[in-house]
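Open the structure in your viewer and keep the selection tool at hand, since this tour moves from one selection to the next. At each stop, please make the selection first and then read what is there.

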Amino acid sequence: MYYDFLNVAVLALGGLGFVYVNLLIFSLIRPNKPSKLKLSTYECGMEAFGSSWVRFDMRFYSVALIFLIFDLEIAFLFPWSVAFRDLGMIARVEGLIFILILFVGLIYVWVRGDLDWVKSFSQGRAIRLGPTAEEEAMLLRMQVEQALSEASALRTVEEGESSTEATV
Amino acid sequence: MDTLTLMFLLIATITIAGSLITLWSKYVVHSVFGLMLALLGVAGFYVLLGADFLAVTQIVVYVGGVLVLYLFGIMLTPPDRAERNVKLIVFCSLPAVAGAMYLIGSARAMEGKWLPGKELPPPPGKHLIHQVGHSFLDKDQYLLAFELASVLLLVVLVGAVYIARRRWEASE
């Protein structure tokens, strides 16, 4: 059994070594000329402001809770997946019952909208992320009207200029 | 010193270092990553004790699941309330009692008073997880407990999501 976990340890150490040995080698041979711009968080992006500690959305937490439950389901199904082949049909049915019971929970959170990202939890009341269709249409109409009035004003100015030229 | 002792010392160092980071780090998020190190070390102990299923479960559930939950829990706390405004004596007394009890208990266990033998059981030749799986699916052993675990998880899922949703609605 130790041999199997030795494989895991070798892979883990290999992965860690690949990262850190490379970082070490390059930190030895690369030139080091830091400047204030280079050390900023996003060198060619927007300037970062404020603290990075912002309060996260509650939805992250409930999704993490749901994840934890199904994570535990995996932990229970792991020994089942090793053993069910030796035990025939009855073991498959037992595993299926286990999964189906938890599937009820999945349906529950799905139907209640806990998996939805945009909708609010409460009674299907949606959080509006932007203007509604009506507001958008009104905004568009106002823009068109403004553009039309500007165009007509421009036309009267041009006509006025051309008429003065004609009189001169 | 044989390889097993060397591995034990290595894993013990990792676990203790992770615990100390968890305790003494100035930032709560760093504490969570220290906790990850400590939990991985505990998984290593399970491997040394020959409990492969426990080791895998430790990694899948604690390192993979519970730590994510902790991280989100920390990110959900508003920054202005991040400081611990509990009195230090209250904050330290409970862990001190728990630690003292653990120390006494482990000292007595090492004397062999509470455990049948000082020697560790030899690591099983076959994978322990086979035995666990077979006892889960045997109706004379733990089949009922296995299926009840599913029901329990269902109850926990519905309850946890319900409470989280209510808190969300209250905060709105």
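Begin by colouring the two chains separately, keeping in mind that this is a predicted model: 53 residues of chain A are in contact with 56 residues of chain B. The size of an interface is often given as the accessible area lost when the parts come together. For chain A and chain B the buried area is about 5100 Å², with 77% of it on carbon and sulfur atoms.

How many salt bridges are there between chain A and chain B? The count is 0, while 2 residue pairs are found in polar contact across this interface, both at pLDDT 80 or more.

Next, select the side of chain A that touches chain B, where the elements giving two or more residues are α1 (2–29), α2 (58–83) and α3 (89–111) of chain A. Of these, α2(A) provides the largest share, 22 residues. If you colour this side of chain A by residue class, you should find 37 nonpolar, 5 polar and 11 charged residues.

Stay with α2(A) and add helix α5 (residues 128–137) of chain B to the selection; the two pack at an angle of about 95°, and their axes lie 8 Å apart. Because of this angle, α2(A) is roughly perpendicular to α5(B). To see the contact itself, show the side chains of A:Phe76, A:Phe78, A:Pro79, A:Trp80, A:Val82 and A:Ala83 on α2(A), together with residues of α5(B) that include B:Ile129, B:His130, B:Val132 and B:Phe136. Sorted by class, the contact of α2(A) with α5(B) has 10 nonpolar, 3 polar and no charged residues.

For the last stop, hide chain A and select two helices of chain B, α2 (residues 28–48) and α3 (residues 52–76), which pack at an angle of about 170° with their axes 9 Å apart. Are they roughly parallel or antiparallel to each other? An angle over 145° counts as roughly antiparallel, and α2(B) and α3(B) are therefore roughly antiparallel. Among the residues making this contact are B:Val32, B:Phe33, B:Met36 and B:Tyr46 of α2(B), and B:Gln58, B:Tyr62, B:Leu67 and B:Ile74 of α3(B). By class, this contact of α2(B) with α3(B) has 21 nonpolar residues, 1 polar residue and no charged ones.

Notes
Residues numbered from 1 in each chain as written. Chains lettered and ligands numbered in written order. Predicted model: local features only at pLDDT ≥ 70, side-chain atom pairs only at ≥ 80, totals over all residues. Heavy atoms only, no water. Axes fitted to C-alpha atoms, helices over the stretch in contact; angles between N-to-C directions. Helix = DSSP H or I, 4+ residues; strand = E, 2+ residues; numbered from the N terminus. Parallel < 35°, antiparallel > 145°, perpendicular 65-115°, else oblique. Contact = heavy atoms within 4.5 Å. Nonpolar A, V, L, I, M, F, W, Y, C, P; charged D, E, K, R; others polar. Buried area = accessible area lost by both parts, 1.4 Å probe. Salt bridge = Lys/Arg side-chain N within 4 Å of Asp/Glu carboxyl O. Polar contact = N/O pair within 3.5 Å; in protein donor to acceptor, adjacent residues only side chain to side chain.
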